Amino acid sequence: MKKFSAIVIAAGRGKRMRSKTAKVLHPVAGRPLIWYMVSLAGRVADARVVVVIGHQAERVRAYLEQSKTEFEPFDIALQPEQLGTGHAVQQAKAALMPNGKAASKHCLIVNADTPLLRRTTVKRLLARHEREKATLTLLSTDLSDPRGYGRVVRGNAGRVVKVVEEPDATRVERAIHEVNVGTYVVETSFLFRALARVHAQNAQGEYYLTDIVGLAVAEGRRVAGLKTADSSECVGVNTREHLAFVEQAMRQRIRTRWLEKGITLLDPRTTFIDDMVTVGTDTVLYPGVTLEGQTKIGADCVIRSHSRVTNSVVGQAVTIQDSSLVDSAIIEDRAMVGPFAHVRPGSMLRKQSKVGNFVELKNTELGAGSKSNHLTYLGDTFVGKRVNIGAGTITCNYDGYRKERTMIEDEAFIGSGAQLIAPVRVGKGAVVGAGSTISQDVPGEALALSRSPQVTREEWAVRRRAYYSEKSATAPKSTPSARGRKKGSKG
Ligand code: UD1
Ligand code: MG
C-alpha cells in the first residue's frame, strides 16, 4: 500500500482579502498562491494528490488545468459550499477512499494559503509521523503575535490535547503562542471516520478540520506534533498584509537562490525576479530590475537600472540599458537594447543587433548586426542583416483597418526621418533618402527619394528682419494703465 496521499484545501473565499479574485489565485512572486502547495504536495506524496476547490471553482479549475504540466498528476474535488476546512477535506473522500478502501495509509493535508512552507519541513513532519506511529501529526510554530491562528493546547507532559480556533478560545487559550500551521498527516481511515463526527456548533458555524485533533485524543490515539523554529514559513495568507509579507519573503528566497548560483545583484532589495525566471551565471542585474513570467536570461548579460523583462528569452552577453521594457520577445546573443527602448510582443533581435534610445519594436525581427539607434517605430517589420535604420524612422503599418508588413532586406540603408508605408519592401543594399515617404517597393541597390526639391532664397532672412522691425516701430505701445482696465469700462 502506498504511504502518503495529499489533500490541498483551496476552496475558501478568502473574505479577509476583500478581493474580487479568489484568494488562491492572487500572485506571489509571479505564480498564483495555489501553485506552491499543489507543487509541494505533488513532490512529497507517493500516492494521489487531491486539490479541493470551491469558491470561483471554474477560474481555479481553469488555472490548474492549463498549468497541469507544472505539477505531478492530481485530482480535483469540488466543495460546492464553503462550510469549513473539515467539510473541505471530506470532499476528497471519493478520490482517496474509492470503494470504501483507503488508497494510501496516510494523508498529508495542507492549507493552500501557506506558500512559504518548505518541502524539507513537510518531509520532517512525514518522518515524525512514521517514527511516532501516530494517528495524527500536526505542524506548529511559536508566534510572538498569534492572533488569527488556531492555538495548540497541550496537556500533561506537553502532549497535544486539541486545537482551538481563536473565536472559540478562552482567555487562557488565547494567551498560547503555539499556533496550528494547517499542515497535518493523518491516518486515512481515521481521517474520514473522524470528519463524519465533526459538527459546526462553534463561534463561526463551520466544520473545523482542527476538531479531528481532539477526536483523536479522545479515542486514545497517538497524536504527535512537530514544532518548526522558522515561524516565517508558516504564515497563512488571510489578508493583504499577509500577502505582502509572503511576497517579500518569497522574493528574498529567490534572490538568495540566484546569488548562490553566481548572479550579481547590485541592490538585491530592489531586484524582483519571478519564481519561474532563470538567469545565467555572471549576469549582472542593476538596481530596480524586474524579471517576470517565463523569462530566461543567458549568462554574462548586463541589465541596467529600472528595466523590466517579461516573458522573454534573452541570450548570452546581451546588454539592456536603463529604463527599457522587453515584453514577449527573443533577444539573441550580444544584442544591445536601450536606454529607453520598448521591445514589444513578437519581436526578435538577432545576434549583435542594436535597438537604441526611444525605439519601439512590435512584432518585428531585426537581423544580425542591424541597428536602429534612435527615435524609431518598427511595427510588423522584417529587417535583414547589417541594415541601418536612421533616426526617426517610422513604419506606417496600420491604415485604420489592417496591419501591413514592411520588408527591409540585407544591408539596406534607411535615411533619418523616413516613413515606410506598408505594405512595402526595400530591396537588398537599397538606400532610402532621409526624410522620404516611401509607398512603393524599392528595388535592390536603388536609391529612393520622395522629398520635394529644396527652395533657397538668398538674403530672405535679412528682408524679413527689416520688415518686422519697421512694423514694431509704428505699432502703438501698451501702457500699464491700459492693461489694468476692466472689461466694459469706458476708455
Ligand atoms: C486555519 C485553521 C487554523 C490555522 C490556520 C493556519 C481551521 C478551522 N483553522 O484557519 O487553526 O491556525 O488555518 O493558517 O482549519 N478552505 C476550504 N473550504 C472552506 C474553508 C477553507 O477549502 O470551507 C481552505 C481555504 O481555501 C484555505 C484553507 O482552507 O486554503 C484555510 O482556510 P482559512 O479560512 O484561511 O483558515 P484560517 O482561518 O486561516
Ligand atoms: Mg488561512
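**Ring contacts, a magnesium site and helix H7 in a predicted model**

The charged end of Lys261 lies over the ring of Trp258, at 4.9 Å from the ring centre. A second such arrangement involves Arg31, whose charged end sits over the ring of Trp35, 3.7 Å from its centre. These values, like those that follow, come from a predicted model.

Aromatic rings also pair with one another, and the structure holds five aromatic pairs. Trp35, the ring beneath the charged end of Arg31, forms one of them with Tyr36; the ring centres are 5.2 Å apart and the planes stand at 85 degrees, above the 60 degrees required, so the pair is classed as edge-to-face. Both Trp35 and Tyr36 are buried. Tyr467 and Tyr468 likewise make an edge-to-face pair, with 5.1 Å from centre to centre and 80 degrees between the planes. Tyr467 has a relative accessibility of 47% and therefore counts as partly exposed. Ring pairs further join Trp35 and Tyr36 with Phe71 and Phe74 in a cluster.

The magnesium ion (ligand 2) is coordinated by Asp113 through OD and by Asn238 through OD1, at 2.1 to 2.2 Å. Asp113 belongs to the loop between strand S6 (104-111) and helix H5 (119-131), and Asn238 to the loop between strand S11 (223-227) and helix H9 (240-260); the pair therefore ties together parts that are 125 residues apart in sequence. Both coordinating residues, Asp113 and Asn238, are buried.

Cysteine residues were examined next. Cys107 has 0% relative accessibility and so counts as buried. Cys301 is also buried, because its relative accessible area of 1% falls under the 20% limit. A search of the whole structure nevertheless finds zero disulfides.

Helix H7 (residues 188-195) is mostly covered, with six of its eight residues buried. The buried positions in H7 are Thr188, Phe190, Leu191, Phe192, Ala194 and Leu195. Their packing partners are strand S1 (2-9), helix H3 (85-90), helix H4 (93-96), S6, strand S10 (178-187) and helix H8 (211-218). Strand S6, one of these partners, also borders the loop that carries Asp113.

Arg193 is likewise placed in helix H7, but with a relative accessible area of 44% it is partly exposed. When neighbours within four places in sequence are set aside, Arg193 is in contact with Glu219 and Arg221. The separation between Arg193 and Glu470 is 277 residues in sequence and 106 Å in space, taken from C-alpha to C-alpha.

Confidence in the model was considered last. The protein chain has an average pLDDT of 96, and 97% of the residues score at least 70. Among the elements of the chain, strand S18 (residues 302-303) has the highest mean pLDDT, 99, while helix H11 (residues 480-484) has the lowest, 49. The pLDDT is below 50 over residues 482-491, and this stretch has three contacts in the model beyond near neighbours in sequence.

Key. Residues are numbered from 1 along each chain as its sequence is written. Chains are lettered from A and ligands numbered from 1 in the order in which they are written. This is a predicted model: local features need pLDDT of at least 70, side-chain atom pairs count only at pLDDT 80 or more; totals for chains, interfaces and linings use all residues. Side-chain values use heavy atoms; hydrogens and water are left out. A disulfide is a pair of cysteine sulfur atoms within 2.5 Å. Buried means under 20% relative accessible area, exposed over 50%, partly exposed in between (1.4 Å probe, protein chains only). Donors are N, O and S atoms within 2.8 Å of the metal (3.2 Å for Na, K and Ca); water is not among the atoms, so sites may look incomplete. Helices (H or I, at least four residues) and strands (E, at least two) are DSSP runs, numbered from the N terminus. Rings of Phe, Tyr and Trp (its six-membered ring) pair if their centres lie within 6.5 Å; planes under 30 degrees apart count as stacked, over 60 as edge-to-face and the rest as tilted. A charge sits over a ring if NZ of Lys or CZ of Arg is within 6 Å of the ring centre and within 35 degrees of the ring normal. pLDDT is the predictor's confidence in each residue, from 0 to 100. Contact means heavy atoms within 4.5 Å.
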